[in-house]
Amino acid sequence: MRVCSIVGARPQFVKAAVVSRKLRDVGEEVLVHTGQHYDEEMSDVFFEELDIPEPDYNLGVQSDTHGRQTAKMIAALEPVLEEVSPDALLLYGDTNSTLAGAIVGAKRDVAVAHVEAGLRSDDREMPEEINRIMTDHASELCFAPSEAAVRNLAQEGISEGVYWTGDVMYDALLEARERSQEASTILENLGLENGEFVLATVHRQRNTDVRENLESIVSALADAPLPVVFPAHPRTVERLREYGLWERTTDALEVIEPQGYLDFVRLLDAAERIATDSGGVQKEAFFLETRCITLRSETEWVETVDAGWNRLVGSDADRIRDALATDWDPDSHPRPYGDGLASRRIVTLLRREIDGEVEVEDV
Ligand code: UD1
Ligand code: UDP
């Protein structure tokens, strides 16, 4: 089988790394990087650390408005699919790169397979929510990370081609945790003690592009009882400067460059708690049993909240301050995202769909 995988943004490199390895054991993969993320620390570092093969195509699209960025990807992807003629198109998550792949795949009648299908925040103002819905509806195979995701798809009338696989980010984290403990020197480099700091990340449009929201988050983080280390996404750095908030960063609220995956996992593992608006980071915190304060009012990863590891506080400064200062003890640790074998299941299902001769016992 020949599968064309499309990636473009940081979380997609993490997800694709584990699947790509399994895929190449049994078939051919043609890897396309849309170029949505292009800075060394947003892209290259993940390919190096996670041993992801050099992309066969880099579309070099880079940043633009949502419409123009997606349109450029669509225009550049179509001739690639024409040339490669894959049996399936493999898409990850909910970025504009995902949506562009879904549209081109559906129009060219290539089987579209979506990893992380069925997630919903029920907030249509999030660009990612639109990307998720449209991608799922254009997909022939929906690989759902949780039971809730399967139910969400059923509610929208999608039941054929839906498989619960578990979450590939869990597979990735299981592989990376030990490596990060052995290889990363980030704690020493930053002078941080295990369990004695807060990790923060912010990049969601609603938090970066609405001035008062970013202001409120920064002011609450600056009041945290422990030092805060803040690996900032480039868009967040731009806004901190534009809004005159850069001056609010201090030794106690230290903004650093985006980190490679191993250093970031080390920080997540060692942090006393984390404040984030990232989707992937909420989950990784849960896997590592680090308490999470989510700077949003909803989440797709509802199981992390139900289990008591994640608190949704939005961007309200008082709620963030309170969540940073209050202790809480989650008392359960369910495993709603599988057993670390999601990538294996996904590849087996693709083989069954394309080659038709593989038994799938446990999906
Ligand atoms: C994108 C995804 C989001 C995902 C995030 C992961 C969409 C709609 N959003 O958001 O779902 O959570 O990636 O990190 O696809 N920039 C750089 N260098 C880079 C990349 C971006 O400077 O390498 C800056 C540019 O100013 C750009 C801005 O960041 O305009 C936003 O980048 P973009 O890829 O459009 O969206 P993200 O916020 O990264
Ligand atoms: N990540 C990283 N370095 C950082 C911040 C995040 O390696 O400085 C990783 C993180 O461990 C997770 C992924 O990037 O695997 C999440 O990406 P992001 O938060 O940008 O996107 P989202 O998950 O919200 O789509």
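This report walks through the domains, the two ligand shells and two helices of the structure above.

## Ground rules

This is a predicted model, in which local features need pLDDT of at least 70, side-chain atom pairs count only at pLDDT 80 or more, and totals for chains, interfaces and linings use all residues. Residues are numbered from 1 along each chain as its sequence is written, while chains are lettered from A and ligands numbered from 1 in the order in which they are written.

## Two domains and their contact

Let us start with the overall layout. The protein chain is assigned domain 1 (2-167 + 338-354) and domain 2 (172-325); such bounds come from an automatic or database domain assignment. Between the C-alpha centres of domain 1 and domain 2 there are 25 Å. Where the domains meet, 22 residues of domain 1 and 17 residues of domain 2 take part, two residues being in contact if their C-beta atoms, placed from the backbone, lie within 7 Å.

On the side of domain 1 that touches domain 2, α1 and α2 (44-49) are the elements giving two or more residues, and α1 gives the most, with 5 residues. Helices here are DSSP runs (H or I, at least four residues), strands are runs of E (at least two), and both are numbered from the N terminus. By class, this side of domain 1 has 11 nonpolar, 3 polar and 8 charged residues. The classes work as follows: Ala, Val, Leu, Ile, Met, Phe, Trp, Tyr, Cys and Pro are nonpolar, Asp, Glu, Lys and Arg are charged, and the others, Gly among them, are polar.

## What the record adds

An unreviewed UniProt entry places the feature "domain: UDP-N-acetylglucosamine 2-epimerase" at residues 28-350. UniProt positions are given in the numbering used here, feature names are shortened, and annotations may be inferred rather than shown by experiment. In the model, the end C-alpha atoms of residues 28-350 lie 12 Å apart, and the span is 45% helix and 15% strand.

## Around ligand 1

Now for the first ligand. There are 19 residues around ligand 1, and those that come nearest are Asp 39, Ser 63, Thr 95, Pro 234 and Arg 235; a residue is near a molecule or strand if its C-beta atom, placed from the backbone, lies within 6 Å of it. Two or more residues of this shell come from each of α1 (10-26), α5 (127-138) and α11 (234-242), and α11 gives the most, with 3 residues.

The shell around ligand 1 contains 6 nonpolar, 7 polar and 6 charged residues. Domain 1 and domain 2 each supply at least three residues to the shell around ligand 1.

## Around ligand 2

The second ligand has 15 residues surrounding it, with Pro 11, Pro 231, Phe 264, Ser 278 and Gly 280 the closest. At least two residues of the shell around ligand 2 come from each of α1, α12 (261-270) and α13 (279-287), and α13 has the largest share, 4 residues.

This shell counts 7 nonpolar, 6 polar and 2 charged residues. Ligand 2 lies between domain 1 and domain 2, because both give residues to the shell around ligand 2.

## A closer look at α11

Helix α11, met above at ligand 1, has Thr 236, Arg 239 and Leu 240 buried. Its buried residues line one face of the helix, because they fall within an arc of 105 degrees seen down the axis of α11; the arc is that of the directions from the helix axis to the C-beta atoms. Glu 238 and Arg 241, on the other side of α11, are exposed. A residue is buried if 20 or more other C-beta atoms lie within 10 Å of its own, exposed if 12 or fewer, and partly exposed in between, with C-beta atoms placed from the backbone.

The cover over the buried residues of α11 includes α9 (205-208) and α10 (211-222). Leu 240 counts as buried because it has 22 C-beta neighbours inside 10 Å. Not counting residues up to four places away in sequence, Leu 240 touches Leu 245 and Trp 246. After α11 comes Gly 244, with a positive phi near 70 degrees.

## And at α6

In α6 (residues 147-155), the buried residues are Ala 149, Asn 152 and Leu 153. The buried residues of α6 fall within an arc of 100 degrees seen down its axis, so they line one face of the helix. These residues pack against α5, β6 (141-144) and β7 (162-164).

The face of α6 turned away from the buried side carries Arg 151, Ala 154 and Gln 155, which are exposed. Gly 157, just after α6, takes a positive phi of about 85 degrees.
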